[in-house]
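Dear colleague,

I am passing on to you the structure we spoke of, with its sequence alongside. Please look through it before reading on.

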Amino acid sequence: MNASGAAGYPGGGAMRRWTRLVLRTRSSTSVGELLSDVYTIALTLAVTIAMVAALARSQGLLRAGAPPSTELDTAWITVLLAVAVLGAGTGLLARTGPVSLGAAQAAWWLPLPGERGSLLRPSLVAPTTASAVTGAVTGLLLVLALDPAVTAGHAVAAALAGLGLGAALALALVPLEAGGRRRVAGTAGDLLLALVPVAALALALAPPPALTVGGAWWPAAAAGGLAVLAGVAALRSLPRVHDTELRERGAATVELRGASLTMDTRALGRALDTEPRRGRRRRSARLRAVPALVRTLGPGVVVAVADARLLLRAPRRLVQVGCGAALALLAPFVPSLPALLSALLVVTGAWLAALTTAQGARDAEAVPAIDALLPVPQRTVRLWRLAVPVLAMLVWTVPVFAVLGDSHGDVGGWLALGLLAAPVWAAGAVRSAYRPQADFSGPLIVTPMGVFPPGMATIANTGPDVVVLGAVPLLVAVLVGAVTPVLLGLQVALTALAVVLAVRPARRRGAR
């Protein structure tokens, strides 16, 4: 389909209207059902935003009532959370378009000789609206967290500024997509998100002055001007978006929607990991020691070698492991944090790092033939899948728990506790990678958020369950401020239980 269209043929907008008319004619959904769905979605969003706004305002009240100190002002952490939203939104928009067409739409519309601009303009409405709404909510929550006594006018100004920036972000990515430089935006979003825990750690080590907030309308006006300029550039670039980009982004959007509906984080990661690795050719590893290792340890050792090569050849995964460490190190470097929140930061950082090291297990779950090729039992294969995550988490543990122990005056005890808990994080990641798929063939449970199969919560919690259980000694140690021999013994027992649960194959439904 060309940009200007061909004489005698309907334009892209006319084809869209005709398709919409046919769908509406053949649809069995009534207007009442549509209004009910819209009402449910709007009510859910309103309640969620109201709850988060109350939490943000309470954080602002705590900050306003705190006495002056030399510690890190929590307002900087709030700003970093807003930066994290910006990075996540940029990466998500870059991976899903923002302009895209589904498989059926691409197959039907793209070969037609009609005009392309009016065909693609409606595809830009949904991502731009979602980005603008997210920006408005983020701006409102940010100003409430920074200044709980903000006036209504300044709150509206902050929401409008976020609205304009969100819309400008989505629209500014269209020229990049049309020019084949969409990967630049995705990389920028990932780096921005990865730098958030690192920046938080840097701020904790060298606290800046307290953040002061002043209300003004000029950010809203500037954001609106940026949105207008980005909109003009987006409309001019729409006809130049390549058919391949439209199809690939549409496929990624469909896969992402399906993974979200089924609450499958593995499929969610595969949907977001859309970039083909076309980097420069690397020298092949000689792996001279592998035959000797196979003769000594058995054929299962090739699984650990393959997982190690997969981890080392992906620098972004090593960066994610470092970001998990930076997140966990916030606990000892910000003494004003509650003990429960400190433990949560350590566990969350460990979990994020462990998930990064278990990519081989997730690939094996997606393609079971990888594990089936080896002449070893399934339990043995999963035990070897634990090797690389356990080694990586042991290395990750040393600096994190050494700093944590130094803050509590007992480096040896805390380091021992961390080293004993390291296999727990690895076992949770491997167990999560091999969790069974949800069964949508049976009766479904209807909820306001959609339909779910029975046992969905159990499947989603497979993996995090052993992490929560294995983190009990760490939580107790953080609460009491000391590591005791009883906690070390309990950690040994819980670690052994986590490893057993990780290597045990899941029981399939209907199996006798």
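Below are some notes on what was found, beginning with the cores and ending with one loop residue.

Please keep in mind that this is a predicted model. Its largest nonpolar core has 48 residues, and those with the most contacts inside it are L386, M393, W396, W414, W425 and L474. Several helices each supply at least two residues of this core, among them α13 (315-333), α14 (339-357), α18 (387-408) and α23 (485-503), while the largest share, 11 residues, comes from α19. Leaving aside residues up to four places away in sequence, W425 touches V347, A350, W351, A354, M393, V467, A471 and L474. Apart from this core lies another, of 21 residues, which includes M15, L110, L119 and L238.

Turning to helix packing, the axes of helix α12 (residues 301-312) and helix α17 (residues 378-385) come within 8 Å and cross at roughly 35 degrees, and the crossing is right-handed. On the α12 side the contact is made by V301, V303, A304 and D307, and on the α17 side by V381, W384 and R385; these residues divide into 5 nonpolar, no polar and 2 charged.

Finally, S100 is found in the loop between α3 (74-96) and α4 (103-109). Is S100 buried or exposed? S100 counts as buried because its relative accessibility is 15%, and buried means under 20%. Not counting residues up to four places away in sequence, S100 touches S123, L246, R249, G250 and T253.

With best wishes

How values were computed: Residues numbered from 1 in each chain as written. Predicted model: local features only at pLDDT ≥ 70, side-chain atom pairs only at ≥ 80, totals over all residues. Heavy atoms only, no water. Axes fitted to C-alpha atoms, helices over the stretch in contact; angles between N-to-C directions. Helix = DSSP H or I, 4+ residues; strand = E, 2+ residues; numbered from the N terminus. Left-handed = near helix turned anticlockwise from the far one by under 90°. Contact = heavy atoms within 4.5 Å. Nonpolar A, V, L, I, M, F, W, Y, C, P; charged D, E, K, R; others polar. Core = buried A, V, L, I, M, F, W, Y, C linked by side-chain atoms within 4.5 Å. Buried < 20%, exposed > 50% of the residue type's maximum accessible area, 1.4 Å probe, protein only.
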